[in-house]
Amino acid sequence: MTASASTASALPTWGPLAPANPFLGPLGTSTMHGDAGSSDATPLAGPGSGALSVDPVPLAAACPTLLEGSDGLVLALCTSILGQVPTVHLIDTSAMGTGSLGSLGGSSSPAASVAQLELPKGSLLGGVYAYLDNADRLVAVDGNRQLVRVQHEQTTNGSWRLFVDQSVDLSGSIPDGDNVTGLAPDWQGNVWFATGAGRVGRVDVGGVTRTLALPVGEEVQNSISTSVAGTAVATTHALYQLSADTDGTPKIDWRAAYDRGSARKPGQLSWGTGSTPTYFGPNGSDYLTIVDSADTQVSLLVYRASTGETVCSQTVLTTGGPGSENSPIGIGNSVFVASTYGYPYPTVPAGAGPAVPASAPFVGGMTRVDVDVDGEGCHTVWNNDARSSAVPHLSTADGNLYTVVRQGLPSSSDKTSPLDEFAFAVIDPNTGNTLAMRDLPGTMINDTLQMSALIDSSGDYLQGTISGVIRVSGQ
């Protein structure tokens, strides 16, 4: 994979990360996107670009959310293939075998999942997002509209168990048929959430819930983010920052409409932005960004978090397809966007509407955009042709950008097939060039389906697939 640079850029210092939220678990491993601001950047080093080993953990479930607590155990929120049931797995990575690079399985075993707990089923995206609180409990909203905190503990005989340690009934605040699609804590410990039907809620530390309905027709199909500035929610029509009124009810600080295009695009799960909004900036949360969904060419939109003022609208993904279902990486003054246009999702949420066109080649492509030093505009640093099939993550510790790429058949590289293979990729964030690629085992059964990875405290890269988890380790 190659990159084309349009503007020279001096070697940056990656950071800073936003201040850690005191009500989350370890920084970098407690949310799907690494932190409360959804930066998709981590202070932990990954496996690097040298010799690697690969270990799959088959779980018969798609695993979009992988989180690590302070005890080093991984909590995975997965959806079983049979029955589509949300299931929490407690994974002991020390029980995973050591595979060989490019092998079909290594010696790992499902025994690495040492405990499981099923949760009531909701919508396709309901139950996908979760986070770890500062007591290492997985926090999610289940299909019965219960805000649950799932604890794990070791019993006297040495086995592990998962159980609901605490719950808050949200059914009086969320109508039947609606489901929570994103949730995150604020800096006072209140839990904010957003629902598919466009309702934003705040659960205070005493369990009292207050909600605000956003304009009719605006849906929320991605997770939400929080910072010291407020709570960010992207609907299918606009980006919002909200805060709490004097009685705790959510109120809108500012709203910014964006170009959502004329229909849902192939490779996106809703008609509108595919971004979980990302806080970033020289102080960690100066700016807020999403990618729009304009018909022929999408743009990165950057706003000042304090006021909602537009910093820039910068054209991105010019070498690939015009659309992204993934949250951008935001770190310091830099933002990285990966195209998902044409990605062959096996299903989309109910009511998502038809894609126009019905399908398209998955060309891929990534773009890096930097906010100008004076904060008055943006410029493109590079574009590349990486066919990222997962949410990329950037390590501020080793300076690498990590993802998984989809490898097409030689005769039709942009078309997708059940025979496509996947490879772990290390990309230089300074240039966009690929530093290393290593094949992963399997084909469609290990489709990473644009899911987010976890770089854990051991330096391993854990990637959810439609059938379980793959671990990539440095040697």
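# Notebook: strand β35, its sheet, ring pairs and enclosed spaces

I began with β35, which is mostly covered, with 6 of its 7 residues buried. I note at the outset that I am working from a predicted model, and that every value below is computed from it.

**Entry 1, the sheet around β35.** I looked up which strands accompany β35 and found an open sheet of 5 strands in the order β3-β35-β34-β33-β28, with mixed pairing. The edges of this sheet are held by β3 (52–58) and β28 (390–391), and since each has a single partner strand, one side of each is left without a neighbour in the sheet. I kept in mind that strands of a sheet pair through backbone hydrogen bonds, whether parallel or antiparallel.

I then asked myself how many bridges join β3 to β35. I counted 7 bridges, and the two strands run antiparallel. As one example of the register, I recorded Leu 52, whose bridge partner in β35 is Gly 474.

On the other side I followed β34, which is joined to β35 (residues 468–474) by 4 bridges, again in an antiparallel run. The connection between β34 and β35 is a hairpin that passes through 3 residues. For the register here I noted two positions: Gly 464 stands opposite Val 469 in β35, and Leu 462 stands opposite Arg 471 in β35.

**Entry 2, a ring pair that reaches β34.** Next I turned to the aromatic side chains, and I found that the structure holds 9 aromatic pairs. I opened with Tyr 343 and Phe 362, whose rings form an edge-to-face pair at 5.0 Å centre to centre, with 85° between the planes. Both residues sit in the loop between β25 (334–338) and β26 (366–371), yet they are 19 residues apart, and the pair is one that links distant parts of the chain. I checked whether each of these rings is buried or exposed. Tyr 343 is buried because its relative accessible area is 3%, and Phe 362 is buried because its relative accessible area is 0%.

The pair that brought me back to the sheet is Tyr 402 with Tyr 461, a tilted pair at 6.4 Å centre to centre and 40° between the planes. Tyr 402 belongs to strand β30 (residues 401–407) and Tyr 461 to strand β34 (residues 461–464), so that I could write down a link between distant parts of the chain, 59 residues apart. Tyr 402 is buried, as is Tyr 461.

I also recorded a cluster, in which ring pairs link Trp 14, Phe 336 and Trp 382.

**Entry 3, arginines over rings.** I searched for charges placed over ring faces and wrote down two cases. Arg 161 lies over the face of Phe 163, at 4.1 Å from the ring centre, and Arg 260 lies over the face of Trp 271, at 3.9 Å from the ring centre.

**Entry 4, the second largest pocket.** I looked up the second largest pocket, whose volume is about 250 Å³. It is lined by 18 residues, and those closest to its centre are Arg 149, Gln 166, Gly 189, Val 191 and Val 205. The elements that give two or more residues to this lining are β10 (146–154) and β11 (160–169), and the largest share, 3 residues, comes from β11. By class, I found the lining of this pocket to divide into 8 nonpolar, 6 polar and 4 charged residues.

I stayed with Arg 149 for a moment, and placed this residue in strand β10. Arg 149 counts as buried because its relative accessible area, 13%, falls under the 20% cut-off. I also noted that Arg 149 and Leu 138 are 11 residues apart in sequence, while their C-alpha atoms are 5.5 Å apart in space.

**Entry 5, the enclosed cavities.** Last, I asked how many cavities of 30 Å³ or more the model contains. The count comes to 6. The largest cavity holds about 120 Å³ of space. Its lining has 15 residues, of which Thr 31, Asp 35, Leu 183, Ser 223 and Ile 224 lie nearest the centre. The largest share of this lining, 3 residues, comes from strand β12 (residues 180–185). By class, I recorded 10 nonpolar, 4 polar and 1 charged residues in the lining of the largest cavity.

Notes:
Residues numbered from 1 in each chain as written. Predicted model: local features only at pLDDT ≥ 70, side-chain atom pairs only at ≥ 80, totals over all residues. Heavy atoms only, no water. Phe/Tyr/Trp six-rings, centres within 6.5 Å; stacked < 30°, edge-to-face > 60°. Buried < 20%, exposed > 50% of the residue type's maximum accessible area, 1.4 Å probe, protein only. Lys NZ or Arg CZ within 6 Å of the ring centre and 35° of its normal. 1 Å grid on protein atoms, 1.4 Å probe; cavity = no way out; pocket = protein on both sides within 12 Å on 5 of 7 lines; lining within 4 Å. Points joined across faces, edges and corners; volume = space filled by probe spheres on them. Nonpolar A, V, L, I, M, F, W, Y, C, P; charged D, E, K, R; others polar. Pairing = 2+ DSSP bridges.
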